[in-house]
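Work through the exercises below with the structure open beside you, and try each task before you read its solution.

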Amino acid sequence: MKDNKLSLLFHPYVLLFIAILSVSVSSIMIKSSDTPTAIAGMYRLYISAIIMLPFIPWKTIRFLKMNSKDWITVFLAGLLLGLYFLFWMESLVYTSVASSMVILALQPLFVMIGSYFMFKERASIPTVLCLITALFGSVIIAWGDIGVSREALIGDGLSLIGTILVSAYMLVGQKVSRKIDANIYSVVVFIIGGSVLLVYSLWNNLSLTNYESSDWMYFLLLAIIPTIFGQYIFNLLLKTIGATTVSVGIIGEPVLAIMLAYLLLGETISAFQFVGGLITLSGMLMYFGLKSYHIQLPKFLRFNRFRKLE
């Protein structure tokens, strides 16, 4: 399937919502399995790449306008993806999911700063305020569960490194998104990222095959739902709406995860989660509203013009 055909079928924000919802499901799935996270992540990426291989437009590969520097950039993206998985998973050994979630919410801020230096993209003051609102909501969601300890600080540090890595992954992907088909790009970075996790698993003597049939089904579902319907769509949207907007959408992942946990697992929603979720969603909706329509702002509020999505 061609990435442009998929874009024509759905509005980019509809695709973004599908991707965020798919990634949110992964947190529910992970709770139901005791397999090593590195192994699950490795097979998640490898199986996704295998499933997507038949959809690669092989005839167009020779016509790609990519030089050796561009392919090095793609390799770097895969390396960043694998390292992100490693640091993010390791952080959860030391700190809570809530603390990691707050730090991960900084991703759009890092991407926005990186976009300014890499692509000369400037954000308006209202856009920045919307982003800050969404980030503030994420902090409130996790506030009641955050604890401070020496181990938690180590975990938070690893989580921060992971957040920087995934932000760099988004920016690198945007850099080559117009030169390579999203299917080809995703397969290559998934294979490279999975190989990083393979090396890590071998280094730590983790079993690669000694798993139950239910575990293999779990790996398959992780590949289909949060990776193909999640990460692949993120890669697809880098060309259409850019890394900053994609990363802002990812802020909504904890909100959807909380709602799914309530509906599927019967977990309660705390006052912090409810209020924080409303604030996060409000900030996101205002951000997407500003990005979707051309709004005339006072000159002192504008850094650049808003462009309507095509």
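**Exercise 1: Aromatic pairs**

This structure, which is a predicted model, holds nine aromatic pairs. Task: decide how the rings of tyrosine 211 and phenylalanine 219 are arranged, and then do the same for tyrosine 287 and phenylalanine 288.

Solution. A pair of aromatic rings is described by the distance of the centres and the angle of the planes. For tyrosine 211 and phenylalanine 219, the distance is 5.9 Å centre to centre and the angle between the planes is 80°. Planes over 60 degrees apart count as edge-to-face, and the pair of tyrosine 211 and phenylalanine 219 is indeed edge-to-face. In the second case, the ring centres of tyrosine 287 and phenylalanine 288 are 5.6 Å apart and their planes stand at 80°, so this pair is edge-to-face. As for their surroundings, both tyrosine 211 and phenylalanine 219 are buried, and both tyrosine 287 and phenylalanine 288 are buried. Finally, Tyr211 and Phe219 belong to one aromatic cluster together with Tyr43, Trp216 and Tyr218.

**Exercise 2: The span of a helix**

Task: check whether the end-to-end distance of helix H7, residues 107–119, agrees with its number of residues.

Solution. The expected span is 1.5 Å times one less than the number of residues. Helix H7 has 13 residues, so a span of 18 Å is expected. The C-alpha atoms at the ends of H7 are 17 Å apart, which agrees with that value. Looking along H7, one finds that Gln107, Pro108, Val111, Met112, Gly114 and Ser115 are buried. After H7 comes lysine 120, whose phi is positive, near 60°.

**Exercise 3: A nonpolar patch on the surface**

Task: find which helices give two or more residues to the nonpolar patch, and classify valine 275 by its relative accessible area.

Solution. The patch on the surface is formed by Tyr262, Leu263, Leu264, Ile269, Phe274, Val275 and Leu278, which together have about 730 Å² of accessible area. Helix H13 (253–265) and helix H14 (271–292) are the elements that each give two or more residues to this patch. Valine 275 lies in helix H14. Partly exposed means between 20% and 50%, and valine 275, at a relative accessible area of 41%, is therefore partly exposed.

**Exercise 4: The whole chain**

Task: state how many helices and strands the chain has, and what share of its residues is buried.

Solution. The chain has 14 helices and zero strands. Of its 310 residues, 51% are buried. The accessible surface of the chain comes to about 16000 Å², and 68% of this surface belongs to carbon and sulfur atoms.

Conventions. Residues numbered from 1 in each chain as written. Predicted model: local features only at pLDDT ≥ 70, side-chain atom pairs only at ≥ 80, totals over all residues. Heavy atoms only, no water. Helix = DSSP H or I, 4+ residues; strand = E, 2+ residues; numbered from the N terminus. Buried < 20%, exposed > 50% of the residue type's maximum accessible area, 1.4 Å probe, protein only. Phe/Tyr/Trp six-rings, centres within 6.5 Å; stacked < 30°, edge-to-face > 60°. Patch = residues over 30% accessible without salt bridge, like charges linked within 9 Å, V, L, I, M, F, W, Y side chains within 5 Å. Areas by Shrake-Rupley, 256 points an atom, 1.4 Å probe, with all protein chains shown as cover. Salt bridge = Lys/Arg side-chain N within 4 Å of Asp/Glu carboxyl O.
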